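Visitor: I'd love a close look at one part of this model rather than a tour of the whole. Please show me how the helix at the start of the chain packs, and add any neighbouring stories that help me read the picture.

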Amino acid sequence: PGQLLEKWLASGDVRLITTATNAVRAALRLTILGHEIHLHEGMAAGSLALAYDAFHTHLSAADRRAWRDLLRRFLELYLETARRRSWTVTTVANANPVGNGGCGLVALALWHDCPAEAAEALGFVREYLWNWLDYCNGVHGGNTEGVQYWQYGMENFLRFAVALESITGSD
């Protein structure tokens, strides 16, 4: 859905929303998520949440339900991962902002549908992101993993942070 979102933003072609929704329905049937949130799940979750937010007003009630069902799977997996304080969301490496940033966007997307779970997830996201922020961004702007991983982590972190501030008025 993320690539289709980019194309839709450029063209406005509503057929892209239908294609994205068909992909979401297929993912509901075929996707087997891993045992915890990791890089792949974090990236997929964030893209899915952003696309859902953009397409929301163009979706039928049945289509919105399919999107929310898939988003809930990511939210549930994130909560399982965060509750046991898995290294993938508490680490000082770039897996932290990728997983927390992507799943933070999912929590924001589901804020009205799953308020208790979304609030719990945002609590974990805001707590765990500090592990990465405090460690991976050196006093002179350096990063312990190098510039590529700094960019990868920072992109996911900033996407979430901007959305959080926009929606809640707080970072």
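Guide: With pleasure, and one convention comes before the tour: helices are DSSP runs of H or I with at least four residues, strands are runs of E with at least two, and both are numbered from the N terminus. What you see is a predicted model, in which local features need pLDDT of at least 70 and side-chain atom pairs pLDDT 80 or more, while totals for chains, interfaces and linings use all residues. Residue numbers run from 1 along each chain as its sequence is written, and side-chain values use heavy atoms, with hydrogens and water left out.

Let's warm up with one residue. T81 sits in helix α4. Its relative accessibility is 0%, so T81 counts as buried (under 20% relative accessible area; exposed is over 50% and partly exposed lies in between, with a 1.4 Å probe and protein chains only). Setting aside residues up to four places away in sequence, T81 touches E36, I37, S86, T88 and V89 (contact means heavy atoms within 4.5 Å).

Now to your helix. In α1, the buried residues are G2, L4, L5 and W8. These four cover an arc of only 150° around the axis, which puts them on the same side of α1 (the arc is that of the directions from the helix axis to the C-beta atoms). Turn the view to the other side of α1 and you find Q3, E6, K7 and A10, which are exposed. So what lies over the buried residues of α1? The cover includes α2 and α3. Just past the end of α1, look at the backbone of G12, where phi is positive at about 75°.

Of the buried residues in α1, W8 deserves a longer stop. Rings of Phe, Tyr and Trp (its six-membered ring) pair if their centres lie within 6.5 Å, with planes under 30 degrees apart called stacked, over 60 edge-to-face and the rest tilted. That rule gives a count of five aromatic pairs. How do the rings of W8 and F55 meet? Their centres are 5.3 Å apart and their planes stand at 85°, so this pair is edge-to-face. Because W8 belongs to helix α1 (residues 2–11) and F55 to helix α3, the pair ties together parts that are 47 residues apart in sequence. W8 and F55 are both buried.

Another aromatic pair makes a good contrast. F124 and Y128 are stacked, with 5.5 Å from centre to centre and 25° between the planes. Both sit in helix α7 (residues 115–136), four residues apart, so about one helical turn separates F124 from Y128. F124 is buried, as is Y128.

Back at W8, let the view widen a little. W8 and F55 share one aromatic cluster with Y52 and W67. Put together, your helix turns its buried residues, G2, L4, L5 and W8, to one side. There, α2 and α3 are among the parts that cover them, and the ring of W8 meets that of F55 edge-to-face.
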